[in-house]
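Here are a few notes from my pass through this one, jotted down as numbered points. Have the viewer open while you read.

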Amino acid sequence: MSVLAANSHVLCSREVHHREQQPQFWSNGGGFLLLPKSSGLGFLNRNRDGNRTLKMDLKVEAFWGTDTSRPTVVEMEAINDCDQLDQILSQAQERSQPIVIDWMASWCRKCIYLKPKLEKLAAEYDTKVKFYYVDVNKVPQALVKRGNISKMPTIQVWKDGEFKAEVIGGHKAWLVLEEVREMLQNFV
């Protein structure tokens, strides 16, 4: 039997020669596993030869080895004042590495929802880009003015000690992430 799967849950049916009343599992040796769809075993049929066959609904569970050498989430570091921002910018300039700053507020729902998604994105760029966040209510307003922030969330890319581009994220998180990816492609 061959299975073409667009995702990890594909339903199919298969006739199985009935031997026991226990669930049976099939595998091609790697990549996917066929499992009974429910706890019911299906229904019995007799074919032309007189053999009993069991008709069963199955699902395919896909599994791939995870790469444990790369993180899946990288926690963003907080920037708390202008001096810390200057230090971060100078370190990034020495490494000629861009940084991403998420300007957010703890009261902003979209900001809170977006932050863990940006941390997953940070894992994709683990060694190439460093991700930071600024909670605008917990820092001096001089820092907020330096970032020229008027709306939140605002995601900015800084490179060579200078502001380069930004995405203002007042819309759906997946759209914001796509815009941030496109923005990063220009600077990585």
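**Notes on the sheet, a glutamine and the cysteines**

1. Let's start with one pair across the sheet: E77 stands opposite Y132, a residue of strand 8. Keep in mind throughout that this is a predicted model.

2. That pair belongs to a parallel pairing, with strand 6 and strand 8 (residues 130–135) joined over two bridges. Zooming out, the sheet is an open one of five strands with mixed pairing, and the order reads 6-8-7-9-10. Its edges are strand 6 (77–78) and strand 10 (162–168), each of which has a pairing on one side only.

3. Now the helices. Helix 1 (residues 82–94) lies across strands 6, 7, 8 and 9, and runs at about 155 degrees to strand 7 (99–104). Helix 4 (residues 173–185) also packs on the sheet, where it touches strand 7, strand 8, strand 9 and strand 10. The direction of helix 4 makes about 155 degrees with that of strand 10.

4. A residue worth clicking on is Q156, which sits in strand 9 (residues 154–159). Is Q156 buried or exposed? Its relative accessibility is 1%, so Q156 counts as buried; the cut-off for that label is under 20%.

5. What does the side chain of Q156 do in there? One polar contact, at 2.9 Å, links it to the side chain of W103. Another goes to the side chain of E166, at 3.1 Å. Leaving aside residues up to four places away in sequence, Q156 touches I99, V100, I101, W103, G147, I149, F163, A165 and E166. So if you want to check the surroundings of Q156, W103 and E166 are on that contact list too.

6. On to the cysteines. How many disulfides does the structure hold? There is one, formed by C108 and C111, with the sulfur atoms 2.5 Å apart. As a reminder, a disulfide is a covalent bond between the sulfur atoms of two cysteines. Both C108 and C111 are buried.

7. Which hand does this disulfide have? The torsion about the S-S bond of C108 and C111 is about 75 degrees, so the disulfide is right-handed.

8. Last one: C82. With a relative accessible area of 21%, C82 is partly exposed. The buried label needs a value under 20%, so C82 at 21% does not get it.

Methods: Residues are numbered from 1 along each chain as its sequence is written. This is a predicted model: local features need pLDDT of at least 70, side-chain atom pairs count only at pLDDT 80 or more; totals for chains, interfaces and linings use all residues. Side-chain values use heavy atoms; hydrogens and water are left out. Helices (H or I, at least four residues) and strands (E, at least two) are DSSP runs, numbered from the N terminus. Buried means under 20% relative accessible area, exposed over 50%, partly exposed in between (1.4 Å probe, protein chains only). A polar contact is a pair of N or O atoms within 3.5 Å; within protein, one must be able to donate a hydrogen and the other to accept it, and residues adjacent in sequence count only if both atoms are side-chain atoms. Contact means heavy atoms within 4.5 Å. Two strands pair if DSSP finds at least two bridges between them. Axes are lines fitted to C-alpha atoms, for helices over the stretch in contact, and angles run from 0 to 180 degrees between N-to-C directions. A disulfide is a pair of cysteine sulfur atoms within 2.5 Å.
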